[in-house]
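Dear colleague,

I am handing over the structure below, and I would be grateful if you could look through it with the notes that follow.

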Amino acid sequence: KDRTIGAACGVLMFGGLLLTVSRGAWIGATAACAAYLLAAGTVPLPRGRKLAAACVLLAVLTAAGAGALHLRSNAGASDSGRMELWRSSLRMARQSPWLGVGPESFYAALGREKTDAFVKVYGPTGMQVHAHNDLLHVLATMGLTGLAAYLWLLWRLFGLLRAARREEASRPLAAVIG
């Protein structure tokens with residue numbers, strides 16, 4: 001029953017990703033699946049590494065396919081707009097490197113820091129509330145201090161997932177010894 005539900009979820013997820021035509025979503029979903037399989041311990045580590053390599057290859061191929069669809073749809077302004085958004089985010093970070101422009105202040109700061117090229121792509125009233133990049137968003141809004149804290153939290157989360165996997169792997173051995 002669990003496999004049926006899992007397969008149905010996988011089909012729905014794939015369908016949703018296909019409809020988004022988002023290279024980032026496809027790469028992120030593939031990377032998340034690889035990370036889950038490795039962290040959950042559902043696949044033995046040597047096979048898990050092969051599976052992770054296969055997921056990386058799949059991510060590259062899906063990104064290439066999505067890129068081809070993206071170019072066909074003439075949506076190039078989205079990519080150049082995102083690059084300008086990232087440039088504006090870096091300008092915000094340079095404005096206040098240690099503490100950033102403040103949590104939940106990205107929208108207001110973008111009004112002051114958007115580049116001329118950003119205005120050309122998004123128009124004079126075009127705005128964004130997020131940098132479309134977690135690390136740049138944290139750097140712009142919370143500075144180097146916030147970025148260091150965010151990276152530390154991600155590192156600790158990864159460590160907790162690895163510890164949980166080691167604990168799960170040692171349970172059968174403990175049952176035999178116990």
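Helices here are DSSP runs of H or I with at least four residues, numbered from the N terminus. With that numbering, Leu-99 lies in the loop that runs between helix 4 and helix 5. Please keep in mind throughout that this is a predicted model.

Leu-99 is exposed, its relative accessible area being 60%, and together with Trp-98 and Leu-144 this leucine forms a nonpolar patch on the surface, for which the combined accessible area is about 370 Å².

Turning to charged pairs, the search of the whole structure gives two salt bridges. One of them joins Arg-87 to Glu-84, with 2.6 Å between the closest N and O atoms. Both residues belong to helix 4 (residues 76–95), where they are three residues apart and therefore separated by about one helical turn. As background, an α-helix has 3.6 residues a turn, so residues three or four places apart point the same way. The two partners differ in how they are covered, since Glu-84 is buried at a relative accessible area of 11%, whereas Arg-87 is partly exposed at 41%.

The other salt bridge is formed by Arg-91 and Glu-113, whose closest N and O atoms are 3.7 Å apart. This pair links distant parts of the chain, with Arg-91 in helix 4 and Glu-113 in helix 5 (residues 106–113), 22 residues apart. Arg-91 is partly exposed, with a relative accessible area of 35%, while Glu-113 counts as buried at 14% relative accessibility.

Glu-113 also brings us to the burial pattern of helix 5, in which Phe-106, Ala-109, Leu-110 and Glu-113 are buried. Viewed down the axis of helix 5, the buried residues fall within an arc of 110°, and so they line one face of the helix.

Which residues does Gln-128 touch, if those up to four places away in sequence are not counted? They are Leu-85, Phe-106, Tyr-107, Leu-110, Phe-118 and Tyr-122, and of these Phe-106 and Leu-110 are among the buried residues of helix 5. Gln-128 itself is placed in the loop between helix 6 (116–122) and helix 7 (134–177). Although it is a loop residue, Gln-128 is buried, with a relative accessible area of 19%, which falls under the 20% limit used for that label. In addition, the side chain of Gln-128 makes a polar contact with the side chain of His-132, at 3.1 Å.

With kind regards

Terms used. Residues are numbered from 1 along each chain as its sequence is written. This is a predicted model: local features need pLDDT of at least 70, side-chain atom pairs count only at pLDDT 80 or more; totals for chains, interfaces and linings use all residues. Side-chain values use heavy atoms; hydrogens and water are left out. A salt bridge is a side-chain nitrogen of Lys or Arg within 4 Å of a carboxyl oxygen of Asp or Glu. Helices (H or I, at least four residues) and strands (E, at least two) are DSSP runs, numbered from the N terminus. Buried means under 20% relative accessible area, exposed over 50%, partly exposed in between (1.4 Å probe, protein chains only). A polar contact is a pair of N or O atoms within 3.5 Å; within protein, one must be able to donate a hydrogen and the other to accept it, and residues adjacent in sequence count only if both atoms are side-chain atoms. Contact means heavy atoms within 4.5 Å. The arc is that of the directions from the helix axis to the C-beta atoms. Patches are made of residues with over 30% relative accessible area and no salt bridge: like charges are joined within 9 Å, nonpolar side chains (Val, Leu, Ile, Met, Phe, Trp, Tyr) within 5 Å. Accessible areas come from the Shrake-Rupley method with a 1.4 Å probe; for residues, only the protein chains shown count as cover.
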